[in-house]
Amino acid sequence: MDRLTTALGTAAELLLRALHLQALWLIGTLAGGVILGWAPATMAAADAARRAERGERITLRHAARVWRSTFWRSQVTLGPPALLLVLGAGALTEGDAPLAVRLPAGLAAITLLAAMVHIPLVDLRHRVPAGAVLARSALLALAQAHTTALLAAVLVLWGALLLSLPGLIPFLGAGVPLLVSQHLVGRTLDRNEELLASEARERPGATTRPGEAADAGFRRAAPRTPARAAPVPHP
């Protein structure tokens with residue numbers, strides 16, 4: 001009975017959190033006129049999901065601050081891959097498109113989708129140049145392929161559920177994917193940082209600083225060469 005009560009409480013908490021994320025995403029999307037608003041809204045909602053998982057409150061004030069600070073950068077990090085994804089989806093749904101076009105378009109769409117799911121948290125947690133965020137996200141998605149496959153399966157199932165119950169879209173359409181993506185991608189980033197830190201510790205003379213590998217875009221910490229003492233002049 002206690003386990004059932006705990007499970008129901010956890011489910012209710014996650015549902016409420018997804019509703020909050022959906023509301024933040026909708027407000028941010030509308031605030032930017034949809035076309036320019038969905039990208040910073042996604043960044044703000046992803047940041048809210050990350051903070052909520054740490055036990056912090058989800059506030060509109062903080063989400064608005066993240067929305068403003070990531071407005072133009074998110075147009076660069078999320079806009080182009082989203083456009084390419086739309087073009088790839090168009091090629092896949094084109095009835096007269098030959099197989100030679102559909103196959104590359106499908107592979108590109110899958111790769112872009114996997115990378116896009118990782119972009120918000122990669123950009124929030126790591127200081128990576130805007131032009132390199134997509135490549136880093138794709139690399140991380142491929143490096144942790146098992147987690148990416150699990151995430152893709154969950155998103156596909158959720159998409160199928162939304163198609164069968166379209167009334168859920170205004171309430172949980174974006175909230176659930178944001179919640180699931182934050183959890184799984186966050187674990188992927190944690191494992192990546194732990195792996196880099198472990199490899200750095202195993203290297204003789206390697207030095208690590210908090211966030212060094214992350215700030216360098218998943219760069220391994222390099223050993224620091226000891227400085228030679230300056231020669232002492234003889235009188």
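**Exercise 1.** What is the volume of the largest pocket? State also which residues lie nearest its centre.

*Solution.* The model is predicted. Rolling a probe the size of a water molecule over the atoms shows where empty space is left. The volume of the largest pocket comes to about 1200 Å³. Its lining consists of 37 residues. Nearest the centre lie Leu113, Val117, Leu155, Pro177 and Ser181.

**Exercise 2.** Find which element gives the most to the lining of the largest pocket, and describe the lining by class.

*Solution.* Start with the elements that give two or more residues: helices H2 (38-53), H6 (99-125), H7 (133-143), H8 (145-164) and H10 (175-202). H6 gives the most, with 11 residues. Then sort the lining by class: 29 residues are nonpolar, 8 are polar and none is charged.

**Exercise 3.** Describe each aromatic pair and decide whether its residues are buried or exposed.

*Solution.* A pair of aromatic rings is described by the distance of the centres and the angle of the planes. The count is 2 aromatic pairs.

Step 1. Tryptophan 67 and phenylalanine 71 lie 5.1 Å apart, centre to centre, with 55 degrees between the planes, and this pair is tilted.

Step 2. Phenylalanine 71 also pairs with tryptophan 72, at 4.8 Å centre to centre and 90 degrees between the planes, which is edge-to-face.

Step 3. Buried means under 20% relative accessible area, and exposed means over 50%. Tryptophan 67 is at 18%, so it is buried. Phenylalanine 71 is at 12%, so it is buried. Tryptophan 72 is at 65%, so it is exposed.

Step 4. Trp67, Phe71 and Trp72 form one aromatic cluster.

Notes. Residues numbered from 1 in each chain as written. Predicted model: local features only at pLDDT ≥ 70, side-chain atom pairs only at ≥ 80, totals over all residues. Heavy atoms only, no water. 1 Å grid on protein atoms, 1.4 Å probe; cavity = no way out; pocket = protein on both sides within 12 Å on 5 of 7 lines; lining within 4 Å. Points joined across faces, edges and corners; volume = space filled by probe spheres on them. Helix = DSSP H or I, 4+ residues; strand = E, 2+ residues; numbered from the N terminus. Nonpolar A, V, L, I, M, F, W, Y, C, P; charged D, E, K, R; others polar. Phe/Tyr/Trp six-rings, centres within 6.5 Å; stacked < 30°, edge-to-face > 60°. Buried < 20%, exposed > 50% of the residue type's maximum accessible area, 1.4 Å probe, protein only.
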